[in-house]
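Student: Please take a close look at one part of this model and connect it to what lies around it. I would like the reasoning spelled out wherever a classification depends on a cut-off.

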Amino acid sequence: MQLCGRGVTCVRGGREVFAGLDFKAVSGEAVAVVGRNGSGKTSLLRLIAGLLIPAGGTIVLDGGDADMTLPEQCHYLGHRDALKPALSVQENLSFWADFLGGERGDAAESLAIVGLDHATHLPAAFLSAGQRRRLSLARLLTVRRPVWLLDEPTNALDVAGQDMFSGLMRQHVASGGLIIAATHAPLGIESRELRIGGVA
Ligand SMILES: Nc1ncnc2c1ncn2[C@@H]1O[C@H](COP(=O)(O)OP(=O)(O)OP(=O)(O)O)[C@@H](O)[C@H]1O
């Protein structure tokens, strides 16, 4: 499996953020997207996820599931945790599993892995920032998708949480997945750097 961007141009609010960007990520690899604030790291992830339309160029996944679009094969985890505050931890995860569809893993096991098995019935509104992040990470495990697009994934995680997440990323790439992560901090696993917008 290979994700390939050719000549990708991003325009937001009528302003060109980046132009002519070439990039590639293959199965078993993590790519860390780095660059100064506003250089377009989040925008690039959203372009790959199909949440923004490129103003130019192409983004193609070769060797994936031919019956599915690229966005259908991606998990996009934004830096803001997309949770419904009135729903419980378990209900939030069920919502995402229903919304995303496809092959579904064991939700209880996913919550145990991210360390939220003690809080399954707690409304998401009561979670701490790190717990909200952990609940978002549980999505990656409950619904299997090969391409993980992660925006500042370790934000708010404590040291143990960062270690746990490094292990999950390692397993994902070892099983043939690929990761593209926008980050200002070290990703926590071996990764190749994709710098956008020049030197910070
Ligand atoms: N909805 C929007 N409308 C107009 N401009 C936008 C919009 N969203 C983002 N931008 C602009 O696009 C540019 C790139 O933003 P983006 O969030 O992709 O950068 P980033 O590299 O992820 O930044 P950071 O390191 O601060 O998270 C910024 O100049 C930003 O102001």
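**The loop after β6 and its surroundings**

Tutor: Glu-152 lies in the loop that runs between β6 (147-151) and α5 (159-174), and since this is a predicted model, what follows describes computed geometry. The backbone of Glu-152 has a positive phi of about 45°, although the residue is not a glycine. Ala-156 is found in the loop between β6 and α5 as well, and its phi is near 75°, again a positive value in a residue other than glycine. Such values deserve a second look because most residues other than glycine have a negative phi.

As for burial, Glu-152 has 18 C-beta neighbours inside 10 Å and therefore counts as partly exposed, given that a residue is called buried at 20 or more and exposed at 12 or fewer. Ala-156, with 16 other C-beta atoms within 10 Å, is likewise partly exposed because its count falls between those two limits.

Moving back from the loop into the sheet, Asp-151 has Ala-182 of β7 as its bridge partner, and β6 and β7 (residues 178-182) run parallel, joined by 5 bridges. These two strands belong to an open sheet of 5 strands with parallel pairing, in the order β5-β6-β7-β3-β8. At the edges stand β5 (74-77) and β8 (192-195), each of which has a single partner strand, so one side of each is left without a neighbour in the sheet. From one strand to the next, the twist averages 15°. Helix α1 packs on this sheet, where it touches β3 (30-34), β5, β6 and β7, and its direction makes about 145° with that of β7.

Ala-182 also leads to the ligand, for it is one of the residues that surround it, others including Arg-12, Val-17, Asn-37, Lys-41 and Thr-42. Helix α1 (residues 41-48) gives the most to this shell, with 3 residues. Sorted by class, the shell has 8 polar, 2 nonpolar and 2 charged residues.

Val-17, another member of the shell, offers a last link, since Val-11 is in contact with Val-17, as well as with Glu-16 and Ala-55, once its neighbours within four places in sequence are left aside. Val-11 lies in strand β1 (residues 2-12) and, with 16 C-beta neighbours inside 10 Å, counts as partly exposed.

Definitions and conventions. Residues are numbered from 1 along each chain as its sequence is written. This is a predicted model: local features need pLDDT of at least 70, side-chain atom pairs count only at pLDDT 80 or more; totals for chains, interfaces and linings use all residues. A residue is near a molecule or strand if its C-beta atom, placed from the backbone, lies within 6 Å of it. Helices (H or I, at least four residues) and strands (E, at least two) are DSSP runs, numbered from the N terminus. Ala, Val, Leu, Ile, Met, Phe, Trp, Tyr, Cys and Pro count as nonpolar, Asp, Glu, Lys and Arg as charged, and the others, Gly among them, as polar. Two residues are in contact if their C-beta atoms, placed from the backbone, lie within 7 Å. Two strands pair if DSSP finds at least two bridges between them. Axes are lines fitted to C-alpha atoms, for helices over the stretch in contact, and angles run from 0 to 180 degrees between N-to-C directions.
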